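Some terms used for protein structures depend on cut-offs. Please go through the terms that apply here and show how each one is earned.

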Amino acid sequence: MRKRHNVKAHITGNVWKITTVIGAEVSEGDTLVIMESMKMEMPVESEISGRVVEIPAKEGTPAQEGQILVILEE
């Protein structure tokens with residue numbers, strides 16, 4: 001079984017844009033989600049290389065710090 005990795009919000013804000021899709025192969029450092037907080041855009045990057053298996057985040061919705069945005073499989 002492949003190991004899953006949760007990509008979490010590092011700030012509280014709004015999910016402004018999701019820049020990946022389910023099934024995409026991503027590399028460490030790739031931007032997966034762009035958060036908006038206090039009129040600033042902040043990228044949420046992948047900490048590992050892997051494949052996107054789930055995207056619980058939805059564009060235009062609020063997210064709390066620590067909330068799971070994207071799930072990757074190594």
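The questions and answers below set the assigned terms against their definitions.

This is a predicted model in which local features need pLDDT of at least 70 and side-chain atom pairs count only at pLDDT 80 or more, while totals for chains, interfaces and linings use all residues. Residues are numbered from 1 along each chain as its sequence is written, and side-chain values use heavy atoms, with hydrogens and water left out.

Q: Why is glutamate 73 called buried?
A: Buried means under 20% relative accessible area, exposed over 50%, and partly exposed in between (1.4 Å probe, protein chains only). Glutamate 73 has a relative accessible area of 12%, so the residue counts as buried.

Q: What makes arginine 4 and arginine 51 partly exposed?
A: Arginine 4 has a relative accessible area of 45%, and arginine 51 has 29%. Both values lie between the 20% and 50% limits, so both residues are partly exposed.

Q: Why is the contact of glutamate 73 with arginine 51 called a salt bridge?
A: The term requires a side-chain nitrogen of Lys or Arg within 4 Å of a carboxyl oxygen of Asp or Glu. In this pair the closest N and O atoms are 2.9 Å apart, so the salt bridge is assigned. The pair links distant parts of the chain, with glutamate 73 in strand S8 and arginine 51 in strand S6 (residues 50-54), 22 residues apart. Strands here are DSSP runs (E, at least two residues), numbered from the N terminus.

Q: How do you know that glutamate 73 also forms a salt bridge with arginine 4?
A: Their closest N and O atoms are 3.7 Å apart, which is within the 4 Å limit. Arginine 4 lies in strand S1 (residues 4-8) and glutamate 73 in strand S8, so the pair ties together parts that are 69 residues apart in sequence. A search of the whole structure finds two salt bridges, and Arg4, Arg51 and Glu73 are linked in a network of salt bridges.

Q: Which residues does glutamate 73 touch, not counting residues up to four places away in sequence?
A: Contact means heavy atoms within 4.5 Å. By that rule glutamate 73 touches Arg2, Lys3, Arg4, Gly50, Arg51 and Val53.

Q: What makes S1 and S8 a pair of strands?
A: Two strands pair if DSSP finds at least two bridges between them. S1 and S8 are joined over five bridges in the antiparallel sense, so they qualify as a pair. In S8, isoleucine 68 is the bridge partner of lysine 8, and isoleucine 71 stands opposite asparagine 6.

Q: Why are S1 and strand S3 (25-26) said to stand at the edges?
A: The open sheet of four strands has the order S1-S8-S6-S3, with antiparallel pairing. S1 and S3 each have a single partner strand, so one side of each is left without a neighbour in the sheet.

Q: Which side chains of S1 point to the buried face, and which to the other?
A: His5 and Val7 point to one face and are buried, while Arg4, Asn6 and Lys8 point to the other and are not.

Q: What is the order of the other open sheet, and which strands stand at its edges?
A: An open sheet of four strands has the order S5-S4-S2-S7, with antiparallel pairing. S5 and strand S7 (62-63) each have a single partner strand, so one side of each is left without a neighbour in the sheet. Six bridges join S4 to S5, and four join S2 to S4.

Q: Why is methionine 38 called exposed?
A: Its relative accessibility is 70%, which is over the 50% limit, so methionine 38 counts as exposed. Methionine 38 lies in the loop between S4 and S5. Its phi is near 50 degrees, a positive value in a residue other than glycine.

Q: What makes lysine 39 exposed?
A: The relative accessible area of lysine 39 is 80%, so the residue is exposed. Its phi is near 65 degrees, also positive in a residue other than glycine.

Q: What is meant by the largest nonpolar core, and which strands supply it?
A: A nonpolar core is a set of buried Ala, Val, Leu, Ile, Met, Phe, Trp, Tyr and Cys residues joined through side-chain atoms within 4.5 Å. The largest one has 20 residues, and those with the most contacts inside it are Val15, Val33, Met35, Leu69, Val70 and Leu72. Strands S2 (13-18), S4 (31-37), S5 (40-45) and S8 (68-73) each supply at least two residues of this core.
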